[in-house]
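User: I am new to this structure and would like to learn how to read its features one at a time. Could you take me through some of them, giving the general idea before each case?

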Amino acid sequence: MKDKTTILLTIAMLTLLVCNIALYANKILSPSIHNKSIEQQYQDYLEQRIAQEQEQEDVVVSDEEMADEQLKDLKSMGEEDRMYTYIHTFLSYIESSDYKSAYDLLYPDFKEQYFKTQADFEEYVKNKYPQFMRLEYKSIERQGEYYIVSVLISSEIATNKPSLQQRFVLHENDFNDFEISFQV
Amino acid sequence: MTITDFRLKIRDFFRRNKIKLIVIIVAWIGIIIVNKYLENTSEPEIPKTTYSPHTAVMDDSVVPTKLQSPIEQLIEKYVDFCNAKDYENAYNLLTDECKKNVFSDNIDNFKEYIDSVFDTKKIYNIQNFSNKDGTYIYTVTILNDIMASGLTNEVLETYEETVVIIDNGTDDLKLSIKGYIKNENMDRMYEDEYIKINVTDLKVEYEYLTYKLTIRNKTENIVVLEDFSTTDEIYLDTDYGKRKRTDFLLEPIVIYPGETKYYDFNFTKFYDEKAVINGLVFANVRILKSYSGSEDTRQSELDNAVSRYSITLDV
């Protein structure tokens, strides 16, 4: 009987000992495992960020290249072609629904007089211009530093919007830096 | 020749030409440095346009570089004052001669003129038109603010103001407007037994010359200088031909006994024209006993004339 009790007590003690050892081992080893997991996550995240940044950098470089190319083109152009390019840029923004960029090109006093908000401008251009525009430059006149360009705007695709002849007034501050207004 | 000889020759060459070689190397390095400096200090490229505001339309002469910016600033100031209806400051940018001879020293006359030109906010551009003897003539085109309107509901209308800037050597540049350039004291006189003519003053504008005359009839007869009964009764004789009077109101010039009359004779002559003036000619001076101005009696009046002759005044 006594032996049986001793055996049971020994088993109990051994179980407790194993549990303690297991708990202790877990206590020591767990942060390391945990840290490794975090480290892996961080590494993954970092790699992802680097990849994203690289991707973004690639896009920026490509934009810069595009801007450089455009600037180079503008520098090789005469004033007449530069004005046509500026009008094309302005109307392209409208065509691609980038109304903010188009609105930002407007001469401040013109904005104040006709389009106090971007929403006013958006409403006007959506009603006035065809979705896909074909431009025909009819005439250009210079008044000192100001250029008056007459443009025939029609739709590239069949539409019920009639063609529109409109005068644009431009002032060029520098290459690709200009202000524009137009006959409302 | 052995290699040693060759080496000795080279060494000898370098020894003999040491100074020259150093000078060449220093000059070469200097050129490289100057080139690098010029590369780095090159002016930024600006958009090329056909607009050259300081190149004269008439002869492609260019306004001196040191005056270009002051002239631009002066005209800008003037237009800004006019737009702001700051009459006094705008008026003070005019030369004293312009104030006196164009606006009779009366700011109200200037105000009236400015109100008629600057009825709304205007923008402007300048173009050098002609240069002569330190006098720079610009056309200032004044127009509505087309950038602000986008030419909405309007046709492009411009007003051309002939602005004259005279460089008198001082830093204080002034301008005159309406094409006015200067006035000159003439002090020329013609006198005979019938008539006394004094030319006292000459007003020079870009397009016109205006002579101020005093004419006195010394007789008991009637002096007829111009009644348009014949051609070219009074003209300015130039080596490019005769210039007729271009007065706004052309009236006959008939002076009665003892009378003294005052006239402004206006002739077209551009300031930068090369034509030389030979004289002011009164080609058909008539001293008449009677004068009716009627065609019916003209011949009999001429038949009874006391004298008929012509006068050329050196002006």
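User: Is S104(B) buried or exposed?

Analyst: A residue counts as exposed when its relative accessible area is over 50%. This is a predicted model, and in it S104(B) has a relative accessible area of 53%, so S104(B) is exposed. This serine is found in the loop between α5 (96-103) and α6 of chain B, and its phi is near 50°, a positive value in a residue other than glycine.

User: Which value does phi take at K178(B), and where is that residue placed?

Analyst: Phi of K178(B) is near 60°, again a positive value in a residue other than glycine. Its place is in the loop between β4 (175-176) and β5 (180-191) of chain B, and with a relative accessible area of 40% K178(B) is partly exposed.

User: How should I read the two sides of a helix, and which residues of α6 in chain B are buried?

Analyst: The general idea is that an α-helix has 3.6 residues a turn, so residues three or four places apart point the same way. In helix α6 (residues 107-117) of chain B, the buried residues are F110(B), Y113(B), I114(B) and V117(B). Seen down the axis of α6(B), these buried residues fall within an arc of 95°, so they line one face of the helix. The face of α6(B) turned away from that buried side carries the exposed residues E112(B) and S116(B).

User: How far apart are the C-alpha atoms of Y113(B) and E160(B)?

Analyst: Their C-alpha atoms are separated by 14 Å, while the two residues are 47 residues apart along the chain. E160(B) is found in strand β3 (residues 158-166) of chain B, and at 53% relative accessibility E160(B) counts as exposed.

User: How do I recognise a salt bridge, and how many does a search of the whole structure find?

Analyst: The step to check is whether a side-chain nitrogen of Lys or Arg lies within 4 Å of a carboxyl oxygen of Asp or Glu. A search of the whole structure finds 22 salt bridges over all chains. One of them joins the side chains of K100(A) and D104(A), at 2.8 Å from N to O. Being four residues apart in helix α3 (residues 99-104) of chain A, K100(A) and D104(A) are separated by about one helical turn. K100(A), at 48% relative accessibility, counts as partly exposed, and D104(A), with a relative accessible area of 44%, is partly exposed too.

User: Which parts of chain B does the salt bridge of K218(B) and E191(B) tie together?

Analyst: The side chains of K218(B) and E191(B) meet at 2.8 Å, N to O. K218(B) lies in the loop between β7 (208-217) and β8 (222-226) of chain B and E191(B) in strand β5, so the pair ties together parts that are 27 residues apart in sequence. A further salt bridge is that of D232(B) with K242(B), whose closest N and O atoms are 3.5 Å apart. Here D232(B) is in the loop between β8 and β9 (234-238) of chain B and K242(B) is in strand β10 (residues 241-244), ten residues apart. There is also a network of salt bridges, which links D109(A), K121(B) and D145(B).

User: Where do positive charges gather on the surface?

Analyst: R7(B), R11(B), R15(B) and K18(B) gather in a patch of positive charge on the surface. Helix α1 (residues 3-16) of chain B gives the most to this patch, with three residues, and R11(B) lies in that helix.

Conventions: Residues are numbered from 1 along each chain as its sequence is written. Chains are lettered from A and ligands numbered from 1 in the order in which they are written. This is a predicted model: local features need pLDDT of at least 70, side-chain atom pairs count only at pLDDT 80 or more; totals for chains, interfaces and linings use all residues. Side-chain values use heavy atoms; hydrogens and water are left out. Patches are made of residues with over 30% relative accessible area and no salt bridge: like charges are joined within 9 Å, nonpolar side chains (Val, Leu, Ile, Met, Phe, Trp, Tyr) within 5 Å. Accessible areas come from the Shrake-Rupley method with a 1.4 Å probe; for residues, only the protein chains shown count as cover. Lys and Arg count as positive and Asp and Glu as negative; His and the chain ends are not counted. The place of a charge is taken as NZ of Lys, CZ of Arg, CG of Asp or CD of Glu. Buried means under 20% relative accessible area, exposed over 50%, partly exposed in between (1.4 Å probe, protein chains only). The arc is that of the directions from the helix axis to the C-beta atoms.
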